[in-house]
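Open the model in your viewer and keep the selection tool at hand. This tour goes stop by stop, with something to pick at each one.

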Amino acid sequence: MTKADPLALPFDQYQRYRLVADLLGELRRATGRKTPFRVLDVGGRTALLRRFLERDRITLVDLEPALERGLVLGDGGRLPFQSASFDVVTAFDTLEHVPPGAREAFVAECRRVAQSWVILAGPYHSERVAEAEELLKRFLAQKLGVEHRYLNEHRAHGLPERSAVEAQLAALGGEVASVGHANLDRWLVLMCLSMYMDADPALRPLAAAFHRFYNASLYASDHAAPVYRHALVA
């Protein structure tokens, strides 16, 4: 196992990046494309997408700095790139962290700098998803004494409405498909277990084996509804 091995990632991270990498693989095959994709990952300061798309040219843009090569500091609502600069623009579990009043500008900017495709992957609002996130927040607070920054932002901003994002992408000229992944019941249980093991240094080696087992053996079949995450492909 190497640092760059995607199977070593926590299962929730692997889910989101593998899903989009698989979708881009389908687009590559459907179009017969032989040259690398030019990809912009909005909110991608971790550069994890590079582990899945090693042959493609990936540029990162984020509000927060990191040491990753190719990272451009910028706001997703005012992207510092010319129109149609990239074949594909992606965002992973990012739109829900954008304040509601700024989400339309974020989506419009992703479309502006994309020549061919926009893929926005993440959780979208439903009563079941909101309930699952609230249960996870309570588990973290009551069992581990943790206030989770990102879940708190989900609650503060509210998750995006999938139908509204689909409608905006369609109005911007896209043919839109929505692909679901990560069965919600399984996601909740695995997130609680994963964070419990990660909080205990003695259990972290077990957690690593647990994540690898999911990524290698369960990811491919983990799409039964209801799901936690959708990838909107335009």
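What follows is a walk through the sheet, a pair of helices and several salt bridges of a predicted model.

**Stop 1: the sheet**

Show the strands as a cartoon. How many strands form the open sheet, and in what order? There are seven, running β3-β2-β1-β4-β5-β7-β6, and their pairing is mixed. Now go to the edges. These are β3 and β6 (177–183), and each of them pairs on one side only. Look along the sheet to see the twist: from one strand to the next, the average is 20°.

Next, select residues 38–42. This is strand β1. Its partner β2 runs in the parallel sense, and five bridges link the two. Pick L40 and look across to β2: T59 stands opposite. In general, strands of a sheet pair through backbone hydrogen bonds, either parallel or antiparallel.

**Stop 2: two helices that cross**

Select residues 11–31 for helix α1. Add residues 184–199 for helix α7. At what angle do the axes of α1 and α7 cross? The angle is roughly 135°, and the axes come within 10 Å. The two helices are therefore oblique to each other.

Now show the side chains at the contact. From α1, pick F11, D12 and Q15. From α7, pick W187, L190, M191 and S194, which meet them. Colour the contact by class: four residues are nonpolar, two are polar and one is charged.

**Stop 3: along helix α1**

Stay on α1 and select R18 and D22. Their side chains meet in a salt bridge, with 3.0 Å from N to O. Why can these two reach each other? They sit four residues apart in the helix, so about one helical turn separates them. Turn on the surface at D22: this residue is partly exposed, with a relative accessible area of 31%.

Move on to R29, also found in helix α1. Is R29 buried or exposed? R29 is exposed, at 58% relative accessible area. For a sense of scale, draw a distance from R29 to A167. Their C-alpha atoms are separated by 27 Å, and the two residues are 138 apart along the chain.

**Stop 4: a link across the sequence**

Select R149 and E64. Here is another salt bridge, at 2.8 Å from N to O. Which parts does the pair tie together? R149 lies in helix α5 (residues 149–157), while E64 is in the loop between β2 (57–62) and β3 (71–73), so the bridge ties together parts that are 85 residues apart in sequence. Check the surface at both ends. R149 is partly exposed, with a relative accessible area of 43%. E64 also counts as partly exposed, at 28%.

**Stop 5: a last pair, then a network**

Select D75 and R78. Their side chains form a salt bridge of 3.2 Å, N to O. D75 is partly exposed at 26% relative accessibility, whereas R78 is exposed at 62%.

To finish, select R45, D62, E64, R149 and E153 together. Salt bridges that share partners join these five into one network. Two of the names are familiar from the previous stop: R149 and E64. How many salt bridges does the structure hold? The count is 21, and the R18 and D22 pair on helix α1 is one of them.

Methods
Residues are numbered from 1 along each chain as its sequence is written. This is a predicted model: local features need pLDDT of at least 70, side-chain atom pairs count only at pLDDT 80 or more; totals for chains, interfaces and linings use all residues. Side-chain values use heavy atoms; hydrogens and water are left out. A salt bridge is a side-chain nitrogen of Lys or Arg within 4 Å of a carboxyl oxygen of Asp or Glu. Buried means under 20% relative accessible area, exposed over 50%, partly exposed in between (1.4 Å probe, protein chains only). Axes are lines fitted to C-alpha atoms, for helices over the stretch in contact, and angles run from 0 to 180 degrees between N-to-C directions. Angles under 35 degrees count as roughly parallel, over 145 as roughly antiparallel, 65 to 115 as roughly perpendicular and the rest as oblique. Contact means heavy atoms within 4.5 Å. Ala, Val, Leu, Ile, Met, Phe, Trp, Tyr, Cys and Pro count as nonpolar, Asp, Glu, Lys and Arg as charged, and the others, Gly among them, as polar. Two strands pair if DSSP finds at least two bridges between them.
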